[in-house]
Amino acid sequence: MPLHHWLALIAAWAFAWLFVERLSAAIRAGSLPETGTGLVIPVTFGLALLVIWEVVTRGANVPPVLLPPPSAIGARLMAETNILWADFVQTFIKSVLPGYAIGCLAGLAVAILVDRSPFLKAGIMPIGNFMSALPIIGIAPIMVMWFGFDWQSKAAVVVAMTFFPMLVNTVAGLNAASAIERDLMRTYAANYWQTLMKLRLPAAGPFIFNALKINSTLALIGAIVAEFFGTPVVGMGFRISTGVGRLAIDLVWAEIAVAAVAGSAFYGVIALIERGVTFWHPSVRGGRA
Amino acid sequence: MTRILPVLTILLALLLFWYAMAVHMNAPWQNTLNNRAGLENVPFMDFAQQAWAQDKPVLPAPHQVVSEIWNATIALDITSRRSLAYHGWITLSATLLGFAFGTMLGIVLAVAIIHNDASDRSLMPWIIASQTIPILAVAPMVVVGLGAVGLTGLVPKALISMYLSFFPVVVGMVKGLRSPEAIQLDLLRTYDASPVQVFWKLRWPAAMPFLFASMKVGIAISLIGAVVAELSNASGGGLGVRLLTGSYNGQTIQIWAALFIAAGLAAVLVAIVGGAEKWVNGRMGARA
Amino acid sequence: ADALTLQLKWVTQAQFAGYLVAEAKGFYDEEDLDITILPGGPNIAPEQVIAGGGADIIVTWMAAGMAARESGVPLVNIAQPFKRSGLMMICPTETGITTEADFPGHTLGVWFFGNEYPFFAWMNKLGLATDGSDGGVTVLQQSFDIQPMIQGQADCISVMTYNEYGQALDAGYGPDNLTIFNYTEMGNDLLEDGLYVMEDSLDDPAKVDAYTRFVRASMKGWAYALENPEEAAEIVVEADDTGAAEYDHQFYMVNEVTKLVDPDDPALDMATYERTVQALLDQGIIKATPEGAYTSVVTDGLK
Amino acid sequence: MSVVQAMDLGLTFPAGDGDVVALKDVNLTIGKGEFVSFIGPSGCGKTTFLRAIADLEKPTSGTLSVNGQTPEEARRARAYGYVFQAAALYPWRTIEKNVALPLEIMGYGQAQQHERVRATLELVNLTGFEKKYPWQLSGGMQQRASIARALSFDADLLLMDEPFGALDEIVRDHLNSELLKLWDRTGKTICFVTHSIPEAVYLSTRIVVMSPRPGRVTDVIESTLPRERPLDIRETPEFLEIAARVRDGLRAGHSYEEEHV
Amino acid sequence: MSVVQAMDLGLTFPAGDGDVVALKDVNLTIGKGEFVSFIGPSGCGKTTFLRAIADLEKPTSGTLSVNGQTPEEARRARAYGYVFQAAALYPWRTIEKNVALPLEIMGYGQAQQHERVRATLELVNLTGFEKKYPWQLSGGMQQRASIARALSFDADLLLMDEPFGALDEIVRDHLNSELLKLWDRTGKTICFVTHSIPEAVYLSTRIVVMSPRPGRVTDVIESTLPRERPLDIRETPEFLEIAARVRDGLRAGHSYEEEHV
Ligand SMILES: Nc1ncnc2c1ncn2[C@@H]1O[C@H](COP(=O)(O)OP(=O)(O)OP(=O)(O)O)[C@@H](O)[C@H]1O
Ligand SMILES: Nc1ncnc2c1ncn2[C@@H]1O[C@H](COP(=O)(O)OP(=O)(O)OP(=O)(O)O)[C@@H](O)[C@H]1O
Ligand SMILES: Cc1ncc(C[n+]2csc(CCO)c2C)c(N)n1
Ligand SMILES: [Mg+2]
Ligand SMILES: [Mg+2]
């Protein structure tokens, strides 16, 4: 790689680092507002990454079929909006969202069920751990057998993937209420559901959101990977797998970029809801007691 | 006994359900076969037996899977390339290496994030974005790319495991390391404790429950990562490769056997993490 | 010895018997070559591997090779051991499909990942829409076995004569309950497993010499496999790291594959080449007639 | 009928490094409408005894009945209101919602919930803080909120564990007399843990003095004060005499006397 | 030199539904070796003031200096020991380890740690509970452990927020006189929040009376008692007179008077 490329690299990095440091110091000191500026920092960081990527791929002559420069990806992104949108609808709207909702709800429901009965807990948790570990890659072909090759089987894979993290976290969360908080409920002779709704579920909130956040990214990966195993000829996973075969690597990365943006937005929404719902937790209110 | 009984009950229920499903799902193909052979009005039990004995069933019966596992592990020399124990070991070593890397990376990132505003704001969104990259799409490129610089075998797989497993650890540890109450932090402030001291004396112990919950998810995902990585590189073996080749040849029984070994491995790993959690809890004076 | 790396298009199986036999029988050693054979898989694009420097020679289908060439990977065909295509489409008779005219409204299974070009070229020729519109066909990205047919997800599926068709036979299907569309017989065949290298490497006489010796030894391997199918099948099973290859199936495959290969003549047949290129152009898979996409320098060197 | 009856009650906490005998041979009968204070050195088992009555701790020996039932039956019948030594407010609920919690659980109507919350918050002088979250209140304010929560529903038995510990004298006096009025008006039975001798004497019909290791009842002092008690009764000789008796009882069971002074 | 000096100090907590003015125009100078008690109704800002001195809360107006430095510099110099209103013990540490925490942080040697932990635990009468975890102790025992923790290292300034709130009279008397002895022997400066008027009068050289909404200093009463104070000084007329002055000051700033009585 020629020298001026190295220099460009270092300059981009140093600039981004300084800028980000300054900015966050300013936010901390309160001289800049949190909202709005908060977004500038990750974007700056991301831009720095992109510049470095561009410089490295061009400078080191990385074959574009291995790793295309961001500029090529960007061009493809603009040129193929129709395809990208259709794939997004197929994968995100049809597979991810329903699968995520069902998987998370099922994990929550089973956690509560299991929590209710020590017998079930002793019986289901080991088996649940076992099932959860079935690599999705293995269940994807099976789900295609069972639910057909359209989005239903992908949603089923997403259900299977999101179920376990929700189960584990909720079970842990349901035990998070402190002894004295439970005692209080006992003094009211609160029944199981009252204790659940008014104490244990709220106390489990941080754990449940933990699972919701992890799942928001897992769901997308699951749906995309599942599309490698038999799909109609549309979908982000389909496009990625066939794109690699056709050496349309810039289209593949454009698709990945869409996935990253959609996934981050999904995560961001969940994180926002979390801040609203578990505002009381020390990790959200900055530990005020 | 009180721990075994519930498991057995649930297992029995599942088995019954499974056998029933096996008949149901293999029936169409069995009917085709029987029609071809000119068999008519096969009594139900005979039909069920046939459905549970197909060569390449849609859903293999439990005993078929069990006997395949038996044949492919106990009955074979462990060094044989047909042995699932051999392939299981390959996958396990990549899983463990990747999990160890991933947990460490996750903790390091979480520490950076909670101690430095700039890294919190700049790193976190990108860590999240990194997880939305479909790993199976990148895995072959990683394998190809690392292969070009001479890294092959265990390391590329472990890197992909790490890529998947560090995420739950970061998310959990950021939450956990931030979980101490204000008053607990204030106490250390009054001692003018250094950030390192605050970390080891307060944040780290307080984050333990979160760390273990994350590690349980992380190790299961780590195994998935190793399997996924194996799917991109048929050389070298591993459970993922068995899944793949099984699926080219329509060997559903082989697929299920490999799946169950993988799941069994994961369950054991999760159980080990759970055991470690109990032990640490005990050491930290948790209420019985 | 000269070290060369060969990237296969698919997992270790008898489809590549010639190379595996040549390695096992020491034919490469005799030519003073040190060959590393890398198995492929459903996510490995040989064109990408060679572009990244991970291989010197790849086995791939011409359609994929030409498409890659247009995408900036200057691949050149140096030899074409496979003379005929092994690609077929089979439809169980109960679907009611007996001729091409019956296709509209049905679901057809196709492998993608660079294997879809022959199918689309064929549909293009028939004038059938593949985008799901009325009067066209529905396309399914097919898994790598015959399950989509057995489970009725697709009405017709793609098979290779030497692999999936054997699985179908095993499952009790056969000419009497299948409608078979053979790409070669229909004249729709595009050239399959050829040997490709990067264009610039051909400027180096030493490389060309190594390629020549490689092809010579490989063809010896193919000839040996044709003569000794049992031993060839055993060699394939032995060469498979994953322990998945089964002797019976590989034996079947050796016999079928050798029908497609001409062990005596690895040279590219220009007529088939022209037809393949024309089909690719017609279908828009490539935009311009490729220049310098093949060379006879290696095969000429064998004579 | 007696409201609480303990016979030879014992409660031992198992611990790896030697069991802790929190209660031993406790015999005590509390009649309906009594106001009984428990006083004793820190760690003598006051909280444990209250928790046993509330069915939060299982006695390891002897018998204990509440309203003639087992503690568990009594708890299920919602026989008592409990004020814990720590406030134990739920951080995700506002003060108003925290106080409404038992009302929600016991199925009070919206209007009634609203009215009771308003009234009890006013009683503890927290009007204006309805919408705050617990961590926005001072320690004493949190404690008052937890008192309000226990008073919001009308249990016939009140178990109060140092409810006024974090309050200043004026508020304490105020709440003391409010509590006495409430008790007088409603005829509730009250078990009250305190560290303040004057408070115990001022409030109680009977004062139970306890002593630690093992936790046991060392003295029970009947108050001869009238039911009607203005605040300045605390300067009367009769009051001071009872207080002196309590102090003596306390001192007798106390380990400091020999060891340190 | 003054140890604490507050000038026009103000501290406001922002809140969605209207800011809370916790401190307003506080002017106070505390000299070296003084024992100053803070007393005032719940929510008047006592804790907030102590936290501001300790650099745990940032004043929003005015100036505050500690040992002539900013609060932050003083904190960094480990100028003070703080006893919080809640015990704040770490649940994963035994009592002994909790008390050793500041010593570990400040880098005391093993032997010294051991000796100091032993001595302070004995001072608060918790010998024998070294190996217990916090949840195995009663409320008062937890509070004593937290006092031991603050005394284990020798800070020249002690900030104590209702340290004896959950203790019975006897232990309280004992710890009061121990604290006085310590103060007399070492010449420490002590800021002490309490709700007990006798305690404030008995301990202090000066008593600061505060009143709420907004939190401000309404009265500062100098004690005329001698430095040497036996426990029975509390029955002297001089003592009772000071106590009465404090009570009046407290009552004056108190909202109950008008509203409820
Ligand atoms: N973190 C906070 N956020 C908002 N308001 C707060 C916060 N902390 C304290 N306050 C408010 O500040 C005022 C003073 O609180 P502070 O804790 O100093 O009172 P205090 O005098 O210590 O009372 P107490 O005797 O009950 O402990 C109170 O009205 C309280 O509601
Ligand atoms: N969960 C527990 N496990 C073990 N020991 C316990 C537990 N709870 C209380 N103890 C022990 O039981 C004894 C009595 O405790 P209890 O809380 O009843 O005291 P208390 O009289 O309420 O004291 P305080 O006035 O300090 O609140 C103490 O020695 C304490 O260490
Ligand atoms: C990714 C990929 N998918 C399908 C084929 C088509 N194909 C040609 S040979 C063969 C193996 C079975 O015979 C198959 C499936 C391929 N080459 N690569
Ligand atoms: Mg107690
Ligand atoms: Mg306070």
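## Two ligand sites and two chain interfaces

Ligand 2 lies between chains D and E. This is a predicted model, in which local features need pLDDT of at least 70, side-chain atom pairs count only at pLDDT 80 or more, and totals for chains, interfaces and linings use all residues. Residues are numbered from 1 along each chain as its sequence is written, chains are lettered from A and ligands numbered from 1 in the order in which they are written, and side-chain values use heavy atoms, with hydrogens and water left out.

**Ligand 2**

The shell around ligand 2 holds 20 residues. A residue belongs to such a shell if one of its heavy atoms lies within 4 Å of the molecule. Nearest are Thr47(D), Thr48(D), Gln136(E), Ser138(E) and Gly140(E).

Polar contacts are pairs of N or O atoms within 3.5 Å; within protein, one must be able to donate a hydrogen and the other to accept it, and residues adjacent in sequence count only if both atoms are side-chain atoms. Chain D offers several to ligand 2. A polar backbone atom of Gly43(D) is 2.7 Å from an oxygen atom of ligand 2. For a polar backbone atom of Gly45(D), the distance to a ligand 2 oxygen is 2.9 Å. His195(D) brings a polar side-chain atom to 3.2 Å from an oxygen atom of ligand 2. On its own, ligand 2 exposes 640 Å², and the protein buries 93% of that. Such accessible areas come from the Shrake-Rupley method with a 1.4 Å probe; for residues, only the protein chains shown count as cover.

Three elements give two or more residues to this shell: strand E2 (20-31) and helix H1 (46-53) of chain D, and helix H5 (139-151) of chain E. Helices (H or I, at least four residues) and strands (E, at least two) are DSSP runs, numbered from the N terminus.

**Ligand 1**

Which chains surround ligand 1? Residues from chains A, D and E do, so the site is shared between chains. The shell has 21 residues, the closest being Ser138(D), Gly140(D), Gly43(E), Thr47(E) and Thr48(E).

Thr47(E) places a polar side-chain atom 2.5 Å from an oxygen atom of ligand 1. An N or O atom in the side chain of Ser138(D) is 2.6 Å from a ligand 1 oxygen. Gly45(E) uses a polar backbone atom, 2.9 Å from an oxygen atom of ligand 1. Taken alone, ligand 1 exposes 640 Å², of which the protein buries 94%. Helix H5 (139-151) of chain D, with strand E2 (20-31) and helix H1 (46-53) of chain E, are the elements that give two or more residues to the shell.

The table sorts both shells by residue class. Ala, Val, Leu, Ile, Met, Phe, Trp, Tyr, Cys and Pro count as nonpolar, Asp, Glu, Lys and Arg as charged, and the others, Gly among them, as polar.

| Shell | Nonpolar | Polar | Charged |
|---|---|---|---|
| Ligand 1 | 7 residues | 11 residues | 3 residues |
| Ligand 2 | 7 residues | 11 residues | 2 residues |

**Chains B and A**

Contact here means heavy atoms within 4.5 Å. Chain B and chain A each put 66 residues into their contact. About 5,700 Å² is buried between them, 81% of it on carbon and sulfur atoms. Buried area is the accessible area (1.4 Å probe) that two parts lose on being put together, summed over both. In chain B, Arg121(B), Thr132(B) and Lys175(B) lose the most area to chain A, together 12% of what that side buries.

How many salt bridges link chain B and chain A? The count is 1, where a salt bridge is a side-chain nitrogen of Lys or Arg within 4 Å of a carboxyl oxygen of Asp or Glu. Lys175(B) pairs with Glu274(A), and their closest N and O atoms are 2.7 Å apart. The rule also finds 1 residue pair in polar contact across this interface (both at pLDDT 80 or more). Helices of chain B that each supply at least two residues to the side touching chain A include H1 (4-37), H9 (195-231) and H11 (252-283). That side has 50 nonpolar, 9 polar and 7 charged residues.

**Chains C and B**

Here 32 residues of chain C are in contact with 29 residues of chain B. The buried area is about 2,500 Å², with 52% from carbon and sulfur atoms. Asn43(C), Asp241(C) and Thr242(C) supply 22% of the area that chain C buries against chain B, more than any other three residues. The rule finds 0 salt bridges across this interface. It also finds 0 residue pairs in polar contact (both at pLDDT 80 or more).

On the chain C side, helix H3 (46-51), helix H6 (147-150) and helix H10 (229-239) give two or more residues. H10(C) has the largest share, 3 residues. By class, this side has 14 nonpolar, 13 polar and 5 charged residues.
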